[in-house]
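Visitor: I have a structure open in my viewer and would like to learn how to read it. Could you walk me through a few features?

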Amino acid sequence: MGSLENCSDEPLTPEGRLFLQKEMNQVIYCAIGMKQPLDVDALKLAIQSCPMYTHPRFCSLLVRDSAGREHWRRTRVEIYRHVVPVHGPIAEGLSDEAAVNKFLADLSTDSPGLMGDDKPLWDVHLLMAHQCMVVRIHHALGDGISLISSFLAGSRLVDDPEALPTIGPSLSMMKRRSDGGGEWWKAVVRVLEVVWFTVVFVVEFVLRTMWVSDQTTPVSGGAGVELWPRKLATARFSLEDMKVVKSAVANATINDVLFGIISVGLFKYIDHQSPNAVREGTRITGVAVVNLREQQGLQELSNLMKGNPGLRWGNKFGIILLPVHYSRSCGDPLEYLRKAKSMMDRKKKSLEAHFSYKIGDMAMTFLGAHVASLLNYRIFCNTTFSISNVFGPREEITFGGNPITYIRVTTSSLPHALTMHVVSYAGRADMQILVAKDIIHDPDFLAKCFEDALLEMKAAASTALNSKK
């Protein structure tokens with residue numbers, strides 16, 4: 001690691017400081033299931049061999065100077081303080097999945113021991129009875145793309161122990177389609193569309209930081225809800241099923257399918273739990289996280305380590321607002337996909353995500369961390385749910401020689417009563433559904449609503465495709 005005496009303190013980025021504020025204090029939790037029983041010593045060696053372990057962020061303490069300004073200060077990492085074996089079951093009578101989800105849900109509203117000034121802001125809990133490794137990392141260290149990229153650099157393929165995982169294409173919400181160029185007037189139209197949609201969506205974004213808010217529904221949260229007890233459930237999707245659905249609507253993407261699933265599943269849940277509680281057409285707004293790096297998708301660790309500002313380590317993402325309008329069953333599940341695609345196409349023509357990143361950066365610089373965090377907090381108070389996704393490895397991988405069975409991610413709770421995080425792995429996509437349990441009482445039923453939504457859309461897509469043959 002080099003001499004610590006020669007390392008000067010490094011100030012936090014504005015984005016890193018944002019995640020240290022009380023209103024936006026966020027921790028990322030990554031649950032990694034293992035096929036074989038956990039070997040504590042082998043996993044410690046694997047963690048120490050992982051590039052993430054030697055990255056300056058993971059070898060630095062969070063310190064504050066006399067003015068209260070946060071800095072990173074290099075230190076020596078003592079692995080035994082960061083790897084915590086948890087012996088015995090989390091709770092009696094629960095399946096492994098339910099026990100791990102309970103462990104993560106309990107952590108989401110309380111992260112003891114992670115915010116001290118005596119060790120770097122990460123640790124690993126080994127749930128021995130459930131063959132699961134839970135990596136807990138403060139969001140000030142980096143975003144999901146940075147952290148998963150660095151973890152993958154320390155893993156290997158099951159079929160080839162010397163090979164790194166294949167880094168697949170992006171699931172970024174804002175990955176733009178190429179239209180192959182065209183006449184000059186088409187270019188002018190595209191520019192005008194970008195200007196128009198950017199102005200419209202940016203105005204709406206600004207209003208959401210002030211007083212404009214969703215109407216109250218059975219899944220609404222609000223100020224203070226981030227402190228309420230949580231429950232966590234998992235919805236599992238087949239990427240092949242999602243591709244079948246995607247092929248039934250021209251130029252649709254996996255993300256269009258995902259948002260269609262969320263629309264259908266959410267409406268199913270509301271109809272079942274609170275029939276007639278929501279008026280037809282009521283707007284329910286989501287907040288989606290968008291990767292803004294020049295190279296979309298999972299980043300090569302070597303690129304993230306370099307000084308290229310477009311590929312720098314840390315937090316570089318924007319957010320966009322994703323509205324859905326409540327509708328009872330319209331008969332054709334694919335109609336929800338068409339509506340999702342239409343909305344996503346308009347979002348892709350705007351610079352809303354870039355604006356959100358820049359305005360947040362400017363607010364941190366000119367108004368201070370506290371005001372910037374309050375503005376972000378207001379956006380979450382005035383919307384209904386949040387969604388993020390990351391495309392993981394295509395093939396099955398190992399860590400420390402132990403094959404991985406799943407990779408699932410969630411974060412600390414937000415004012416939303418519903419937060420969803422999706423990670424794909426080896427042909428599957430798992431969605432972690434974190435809910436305020438006093439508002440959404442049955443997240444397992446909500447997960448089933450999402451899974452059933454995909455199956456219904458697949459059946460409709462198969463019928464539509466067969467009719468064309």
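Guide: Gladly, and let's begin with rings. Two rings of Phe, Tyr or Trp (its six-membered ring) pair if their centres lie within 6.5 Å; planes under 30 degrees apart count as stacked, over 60 as edge-to-face and the rest as tilted. Keep in mind that this is a predicted model.

Visitor: How many aromatic pairs does that rule give here?

Guide: The count comes to 9 aromatic pairs. Take Y53 and W122: their ring centres are 6.2 Å apart and their planes stand at 80°, so this pair is edge-to-face. Y53 belongs to helix α3 and W122 to strand β6, 69 residues apart, so the pair links distant parts of the chain. Both Y53 and W122 are buried, and together with F58 they form one aromatic cluster.

Visitor: What is the geometry of the pair F267 and Y326?

Guide: That pair is edge-to-face too, with 5.3 Å centre to centre and 80° between the planes. F267 lies in helix α9 and Y326 in the loop between β11 and α11, so the pair ties together parts that are 59 residues apart in sequence. F267 and Y326 are both buried.

Visitor: Which charged residue sits over the ring of F201?

Guide: The charged end of K347 does, 3.9 Å from the centre of the F201 ring. Likewise, R408 lies over the face of Y406, at 4.0 Å from the ring centre.

Visitor: Now the interior. Which residues have the most contacts inside the largest nonpolar core?

Guide: In general, nonpolar side chains of soluble globular proteins tend to be buried together. Here the largest nonpolar core has 61 residues, and M431, I433 and F450 have the most contacts inside it. Helix α9 supplies the largest share of this core, 11 residues. Beyond its neighbours within four places in sequence, M431 is in contact with several residues, including F237, L258, I262 and F450. A second, separate core has 45 residues, among them L38, I79, V135 and I407.

Visitor: And a single helix: which residues of α8 are buried?

Guide: When reading a helix, look at where its buried residues point. In α8, residues 239–247, the buried ones are L239, D241, M242 and V245. Seen down the axis of α8, they fall within an arc of 155°, so they line one face of the helix. What covers them includes β9, α9, α11, β15, β16 and α14.

Visitor: What happens at the start of α8?

Guide: There, a side-chain oxygen of S238 reaches to within 3.2 Å of the backbone nitrogen of E240.

Note on methods:
Residues numbered from 1 in each chain as written. Predicted model: local features only at pLDDT ≥ 70, side-chain atom pairs only at ≥ 80, totals over all residues. Heavy atoms only, no water. Buried < 20%, exposed > 50% of the residue type's maximum accessible area, 1.4 Å probe, protein only. Helix = DSSP H or I, 4+ residues; strand = E, 2+ residues; numbered from the N terminus. Arc of directions from axis to C-beta. Contact = heavy atoms within 4.5 Å. Polar contact = N/O pair within 3.5 Å; in protein donor to acceptor, adjacent residues only side chain to side chain. Core = buried A, V, L, I, M, F, W, Y, C linked by side-chain atoms within 4.5 Å. Lys NZ or Arg CZ within 6 Å of the ring centre and 35° of its normal.
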